[in-house]
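Grab a pencil and work through these exercises with the model open beside you. Try each task before you read its solution.

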Amino acid sequence: MKKVYPDAKTALDGLVFDGMTIMAGGFGLCGIPENSIAALHAAGVKDLTVISNNCGVDGFGLGILLDAQQIKKMVSSYVGENKEFERQYLEGELELEFNPQGTLAERIRAGGAGIPGFFTKTGVGTLIAEGKEHREFDGETYIMETGLTADIAIVKAWKADPQGNLIYRKTARNFNPMMATAGKVTIAEVEEIVELGSLDPDEIHTPGIFVQRVVQGSFEKRIEQRTIRQREDA
Amino acid sequence: MAWTRDEMAARAAKELKDGFYVNLGIGIPTLVANYIDENIDVTLQSENGMLGMGPFPYDEDVDPDLINAGKQTITELRRTSYFSSSDSFGMIRGGHIDLSILGAMEISENGDIANWMIPGKLVKGMGGAMDLVAGVKRVVVIMDHANKRGEPKLLKECSLPLTGQKCVHRIITTLGVFDVVEDGLLLIELAPGSSLEEIAEKTEAKYAVADDVIRH
């Protein structure tokens with residue numbers, strides 16, 4: 001079975017439908033699947049539920065899908081870096097479900113690993129715990145959270161081989177490895193597709209079993225907060 | 001007179017011990033990194049997936065794939081490791097991080113913390129704050145002693161939605177340092193120029209003054 005697709009648009013063939021659930025990797029604008037987001041925008045698919053830690057910025061990242069009003073609901077831990085998000089949310093056009101960041105990560109990991117629910121102490125005694133099952137373990141209270149899966153997961157990695165084995169780079173890894181496991185179909189877009197056998201099997205972060213489609217993309221890699229230090233005078 | 005933001009950060013840096021793995025929150029807590037004693041070995045964790053966070057890069061070394069949890073560009077060190085968000089929060093939730101230093105809007109006398117949501121205002125989300133306060137071994141808060149309207153932020157009970165229950169161990173404010181103890185707060189240190197009278201006036205939470213309270 002051939003996993004390598006010529007471009008992000010082709011990689012979406014036969015997968016998209018209105019009302020679908022999509023997981024999108026990335027933290028802020030770092031390690032986001034820019035090419036697949038553009039292809040989803042071009043496909044015009046609507047009423048999306050998007051599971052992603054953040055929601056991009058105005059005009060970039062998931063902000064592109066927001067601007068085109070393709071998103072019905074966001075499942076995130078931190079949003080609001082974009083004005084259009086704020087506008088749609090305040091006018092009731094957009095649903096929002098907040099998850100603590102670690103709970104979101106673990107729900108995705110669990111979903112991909114066939115675990116329907118788990119207990120965590122994160123959020124006990126807060127609004128997040130309302131309506132959730134509470135249980136004591138060794139005298140401490142925990143709440144139940146459920147696993148998450150998606151119709152497709154779009155992830156961004158540094159390198160892939162034609163089998164879909166993935167290697168991420170630096171903090172661009174973030175949510176991508178868990179999401180790769182939790183999509184019914186996972187599309188990985190990468191900076192470089194290398195020859196079979198050229199990745200060290202000991203260094204692979206996501207084994208190819210989790211990845212159905214691979215695309216080599218081009219990336220803007222926009223920086224949200226460019227912070228630098230000055231060289232001290234010699 | 002009271003502690004400035006930088007002076008609070010310098011005071012908070014004394015909470016770091018040799019060998020600690022530490023997570024610093026966004027804002028004033030980030031400044032703590034500037035005051036770490038050079039004679040101790042501390043590793044900073046960034047919850048987006050990095051242990052061993054270095055300083056901001058020189059202009060030519062900026063790498064879009066290398067950011068901290070505040071989305072600022074940073075650098076790696078020789079000790080650095082990278083990992084996924086689930087591994088990162090495994091470290092946090094699993095109690096492997098020794099210390100977290102965070103900002104807060106309100107703290108109650110039993111150590112509840114509110115720092116993510118003001119009802120009626122646009123809510124941006126809790127990010128990793130709920131996981132940090134629930135999982136890290138020791139939670140230290142840095143904050144102004146009173147809010148912008150001059151009202152106490154150390155309260156009997158938090159009025160804002162909580163980030164976590166009974167999870168704060170120590171609070172460093174512009175006026176002094178408090179520990180959360182069995183039956184309320186304990187004032188253990190006064191900032192230079194602050195007085196017991198001023199603290200009494202600006203604190204709603206029940207607190208006692210330690211016999212050996214440090215005065216500067």
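**Exercise 1. Partners of a strand**

How many bridges join E1(B) to strand E5 (residues 99-102) of chain B, and do the two run parallel or antiparallel?

Solution. First, some ground rules: this is a predicted model, where local features need pLDDT of at least 70 and side-chain atom pairs count only at pLDDT 80 or more, while totals for chains, interfaces and linings use all residues. Residues are numbered from 1 along each chain as its sequence is written, chains are lettered from A and ligands numbered from 1 in the order in which they are written, and side-chain values use heavy atoms, with hydrogens and water left out.

Step 1: know your terms. Strands (E, at least two residues) and helices (H or I, at least four) are DSSP runs, numbered from the N terminus. Two strands pair if DSSP finds at least two bridges between them.

Step 2: count. E1(B) and E5(B) are joined by three bridges and run parallel. In this pairing, B:Val22 sits opposite B:Leu99.

Step 3: look for another partner. E1 (residues 21-24) of chain B also has three bridges to strand E2 (residues 43-46) of chain B, again parallel. There, B:Val22 has B:Leu44 as its bridge partner.

**Exercise 2. Edges of a sheet**

Work out which strands stand at the edges of the open sheet E7-E6-E9 in chain B.

Solution. Step 1: this sheet has three strands and mixed pairing. Step 2: E7 (113-114) and E9 (154-155) of chain B have a single partner strand each, so one side of each is left without a neighbour in the sheet. Step 3: check one pairing. Two bridges link E6 (residues 106-108) of chain B to E7(B), and the strands run antiparallel. B:Glu106 faces B:Ala114 here.

Now try chain A. Its open sheet of three strands has the order E6-E8-E7, with antiparallel pairing. E6 (117-120) and E7 (134-137) of chain A are the edge strands, each pairing on one side only.

**Exercise 3. An enclosed helix**

Explain why helix H3 of chain B is described as largely enclosed.

Solution. Step 1: buried means under 20% relative accessible area, exposed over 50%, and partly exposed in between (1.4 Å probe, protein chains only). Step 2: in H3 (residues 85-93) of chain B, seven of the nine residues are buried, so the rest of the structure largely encloses the helix. Among the buried ones are B:Phe89, B:Met91 and B:Ile92. Step 3: read on past the helix. Just after H3(B), B:Gly95 takes a positive phi of about 80°.

**Exercise 4. Lonely cysteines**

Find out how many disulfides the whole structure has.

Solution. Step 1: a disulfide is a pair of cysteine sulfur atoms within 2.5 Å. Step 2: the search over all chains finds zero. Step 3: check two cases. For A:Cys55, the nearest cysteine sulfur is that of A:Cys30, 17 Å away. For B:Cys167, the nearest is that of B:Cys158, at 9.2 Å. Step 4: see where they sit. A:Cys55 is buried at 2% relative accessibility, and B:Cys167 is buried too, at 9%.
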